[in-house]
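Hi everyone, thanks for making the time. I have one model to walk you through today, so have a look at it on the screen and then we'll go through it together.

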Amino acid sequence: MLRPYQKKCITELYAKFRQGFNSILVVAPTGSGKTFMFCQIAKDALSRNRKVLILLNREPLVEQTARSLNEFGIEEIDYIKAGYPENLDYNATIATVQSLNRRPKHHSRYFDLVIVDEAHESAYSSAGKAFLSRNDIPFKVGFTAT
């Protein structure tokens, strides 16, 4: 399902984690399949019973990301977004920066891995900065084309 360059990117990302880096930015061109790459990374983490948060900057990306996760066999998804079902028992969570900001109770939730889509926007918003500055997130990966 993944192309060779996507697999190579993920392999290199894991190598950086093993070297001790815990916050990594992946820059790839538009159309390179960043969503598929981070879905594979989420799948890998979930297969090890890790808790994963995918942080998005826009509401239309919620459905797109959920569909992509479904394609990778990830069906049980918690949402931090108005109008979407919340289920804290699930290890995969999709959130928008705006909803995360409006629901401070979620700021204390523990995640093993936070994946930030459109990191050039999401991570630099005030809500994104506040959440990502936490010291208890073992691994953070941002994706951007910018």
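I'll talk about the salt bridges, then the two largest pockets, and then a few single residues.

One thing to keep in mind as we go: this is a predicted model.

Let's start with charge pairs. Side chains of opposite charge can pair when their charged atoms come close. How many salt bridges does the structure hold? There are 4 of them, and I'd like to show you three.

The first is K8 with E12, whose side chains meet at 3.2 Å, N to O. Both residues belong to helix α1, which covers residues 4-18. They are 4 residues apart, and that is about one turn of the helix. As for its surroundings, E12 is partly exposed, with a relative accessible area of 42%.

The next pair is E59 and K81, and here the salt bridge runs 3.6 Å from N to O. Where do the two partners sit? E59 is in the loop between β2 (52-56) and α3 (60-71), while K81 is in the loop between β3 (77-80) and β4 (92-96), so the pair ties together parts that are 22 residues apart in sequence. The two ends have their own surroundings: E59 counts as partly exposed at 46% relative accessibility, whereas K81 is buried, at 11% relative accessible area. If you zoom in on K81, you'll find E59 among its contacts, along with V62, T96, S99 and R103, leaving out residues up to four places away in sequence.

The third pair is R134 with D136. The closest N and O atoms of this salt bridge are 2.9 Å apart. Is R134 buried or exposed? R134 is buried because its relative accessible area is 13%, and the cut-off for buried is under 20%. Its partner D136, at 34% relative accessibility, counts as partly exposed.

Now for the pockets, which I suspect some of you have been waiting for. The largest pocket holds about 330 Å³ of space. Which residues line it? Going along the chain, we have Y14, F17, R18, I41, D44, A45, R48, R50, D112, L113 and F139. Helices come into this too: α1 and α2 (34-47) each supply at least two residues of that lining. So we meet α1 again, the helix that holds K8 and E12. For anyone thinking about chemistry, the lining has 6 nonpolar and 5 charged residues, and no polar ones.

The second largest pocket has a volume of about 280 Å³. It is lined by 15 residues, and those closest to its centre are S23, A119, A123, Y124 and L132. Four elements give two or more residues to this lining: β1 (23-27), α5 (119-122), α6 (126-132) and β6 (139-144). Which of these makes the largest contribution? That would be β6, with 4 residues. By class, the lining of this second pocket has 8 nonpolar, 5 polar and 2 charged residues.

To finish, two single residues that you may like to click on.

One is T93, in strand β4. T93 is buried, with a relative accessible area of 1%. What does its side chain find there? It makes a polar contact with the side chain of R109, at 3.3 Å. R109 also appears in the list of residues that T93 touches, which has V52, L53, I54, D78, I80 and F111 as well, not counting residues up to four places away in sequence.

The other is S32, in the loop between β1 and α2. S32 is buried too, with a relative accessible area of 7%. Its side chain reaches the backbone oxygen of P29 at 2.7 Å. Leaving aside neighbours within four places in sequence, S32 is in contact with Y5, Q6 and M37. And if you'd like a distance across the model, the C-alpha atoms of S32 and V114 are separated by 21 Å, with these positions 82 residues apart along the chain.

That's my tour. Thanks for listening, and I'm happy to rotate the view and go back to any of these spots.

Methods: Residues are numbered from 1 along each chain as its sequence is written. This is a predicted model: local features need pLDDT of at least 70, side-chain atom pairs count only at pLDDT 80 or more; totals for chains, interfaces and linings use all residues. Side-chain values use heavy atoms; hydrogens and water are left out. Buried means under 20% relative accessible area, exposed over 50%, partly exposed in between (1.4 Å probe, protein chains only). On a 1 Å grid over the protein atoms alone, a cavity is a set of points where a 1.4 Å probe fits but cannot get out, and a pocket is an open set with protein on both sides within 12 Å along at least five of seven lines; lining residues have an atom within 4 Å of a point. Grid points are joined across faces, edges and corners, and a volume is the space filled by probe spheres set on the points. Ala, Val, Leu, Ile, Met, Phe, Trp, Tyr, Cys and Pro count as nonpolar, Asp, Glu, Lys and Arg as charged, and the others, Gly among them, as polar. A polar contact is a pair of N or O atoms within 3.5 Å; within protein, one must be able to donate a hydrogen and the other to accept it, and residues adjacent in sequence count only if both atoms are side-chain atoms. Contact means heavy atoms within 4.5 Å.
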